[in-house]
Amino acid sequence: MTELRDAVPPAPTVDAAHTAHTAHTADTTDTADARDTADTAAAVFAPRRPARRRGPAREAPLPPGPPVQAGADWSAWSTYDAAELGFRNYWYPTVFAHQVGRKPVPLTVAGERVVLVRDDRDGSIRALHDRCPHRGVPLSLGRRQFPGTISCPYHGWTYDLQDGGLKAVITDGPDSPICGRVKVATYPVAERLGLVFLYIGDVEDGAAPPPVERDIPAELNDNSLVLGGRTEIRDGNWRFAAENGFDEGHAKYLHNTALWRLFKVMPTWNMTRVVEKDGWLIRVQDEVHWDAEFPGVGTFTNRRWWKRMPLPDRPGGNGDANPVIAGLDLPGFVSIRLPGLLRVAYPQFIHYEWYVPVDADHVRYVQLMVRFERSWRARLFQAKYLAAIRWLFHGQFTAQDAWMVDVMDAPPERLYRPDLSLTAWRRHVEQADVVVQPTEKRKGH
């Protein structure tokens with residue numbers, strides 16, 4: 001699903017209806033791209049592939065098979081290794097807000113099954129755990145029988161959308177004694193940037209979750225902007241997607257065949273370091289080498305006569321950056337932050353990628369391209385996005401990333417010098433005060 005939107009900083013309102021365990025919501029752009037309506041199902045419904053089971057080794061020995069090359073596991077990164085389903089206590093973007101109406105929308109975030117539905121009493125989006133406590137039937141299959149409620153399709157157990165309380169049991173009559181004694185878990189929801197953000201985390205009864213703005217880059221909260229974007233479910237674990245985004249080496253080789261880079265020279269290799277600023281890890285290029293002679297092999301270069309030289313070593317390097325982007329004072333183009341958000345800043349626009357855990361084998365890939373402009377410049381960007389950028393960059397270019405994330409088989413792994421970006425990211429997770437989302441099913445889930 002592709003989206004275009006003009007945005008101005010919204011009022012920081014959050015629907016904080018919840019129980020002790022809550023989920024993340026996402027805000028979306030309002031203008032749907034008609035051409036991508038066929039993608040809606042893929043963007044909304046998370047595949048229900050069985051989750052991997054961690055347990056004791058098999059009693060029977062494994063049959064002989066091909067060898068596995070020696071390499072390191074992730075035991076040095078114990079928190080990261082355990083974060084198969086991501087982290088709790090964060091807001092995560094999910095689907096576009098316009099995709100949510102009266103009809104229930106099921107999705108999975110960090111292994112938790114959620115149903116989104118729009119409350120016909122006030123038009124707000126509500127999120128409930130997608131399971132009727134009676135017999136475990138998904139509420140996303142239910143009916144909108146009464147205003148502000150959803151009814152389980154099996155026996156008509158009817159829940160209030162705001163607090164999840166059981167209001168009626170249709171098949172037990174008006175005086176059903178179980179009414180008021182059962183609740184479905186609810187999740188805080190916020191709409192920002194046209195996306196529905198869900199809070200996956202722990203919130204005390206009567207308390208509010210942290211503001212959604214905490215988990216959205218400050219420049220997106222504080223400035224007028226225009227954006228285009230898409231959200232989809234991809235194969236592979238979220239950690240592989242995040243590592244691919246921040247990986248220092250892959251873009252120069254994997255993407256040198258991308259149409260997006262057809263007229264732009266890619267370096268052959270860099271000398272890079274990683275610095276931290278305002279909670280972001282940022283890749284800084286100290287050396288850029290456009291070609292190289294490899295002993296005993298030959299010369300490799302991405303130079304071609306039709307390709308122009310690329311951007312400087314940082315977004316504001318030429319002094320021609322958009323004022324908002326220049327004001328960020330970034331020492332490099334690519335940065336990443338928790339819980340899994342990539343920022344690629346160019347002089348005139350910024351590309352964002354959220355890697356939202358679905359389950360052990362799937363990731364929700366949320367892409368936004370943002371320009372901090374209004375009026376005719378914003379309209380021009382929208383036209384360019386629809387005509388080319390959505391399929392060149394948010395399509396073919398990042399599809400190469402999806403290909404690698406899907407086929408990756410690690411650990412074991414043998415890292416090399418440019419993988420300092422990966423180890424810096426893993427170390428950042430280990431040193432951060434994060435709560436790993438448990439892989440075992442929790443009570444009520």
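How many bridges join strand 10 to strand 11? The legends below address this point and then turn to the cavities of this predicted model.

**View A. A three-stranded open sheet.** In this sheet, 3 strands follow the order 9-10-11 with antiparallel pairing. Strand 9 (149-151) and strand 11 (166-169) form the edges, each pairing on one side only. Between neighbouring strands of the sheet the average turn is 20°, with direction ignored.

**View B. The pairing of strand 10 with strand 11.** Strand 10 comprises residues 157-160 and is joined to strand 11 by 3 bridges. The two strands run antiparallel. Within this pairing, T158 of strand 10 is placed opposite A168 in strand 11.

**View C. The largest cavity.** Rolling a probe the size of a water molecule over the atoms reveals where empty space remains. The structure contains 2 cavities of 30 Å³ or more. The largest cavity has a volume of about 50 Å³. Its lining is made up of R234, A241, N244, E353, Y355, V363, Y365, D401, A402 and V405.

**View D. Elements and residue classes around the largest cavity.** Two or more lining residues come from each of helix 4 (238-246), strand 21 (350-359), strand 22 (362-371) and helix 7 (375-407). Helix 7 provides the largest share of the lining, with 3 residues. By class, the lining of the largest cavity consists of 6 nonpolar, 1 polar and 3 charged residues. The lining residues include A241 and V363 as well as R234 and E353.

Key
Residues numbered from 1 in each chain as written. Predicted model: local features only at pLDDT ≥ 70, side-chain atom pairs only at ≥ 80, totals over all residues. Heavy atoms only, no water. Pairing = 2+ DSSP bridges. Helix = DSSP H or I, 4+ residues; strand = E, 2+ residues; numbered from the N terminus. Axes fitted to C-alpha atoms, helices over the stretch in contact; angles between N-to-C directions. 1 Å grid on protein atoms, 1.4 Å probe; cavity = no way out; pocket = protein on both sides within 12 Å on 5 of 7 lines; lining within 4 Å. Points joined across faces, edges and corners; volume = space filled by probe spheres on them. Nonpolar A, V, L, I, M, F, W, Y, C, P; charged D, E, K, R; others polar.
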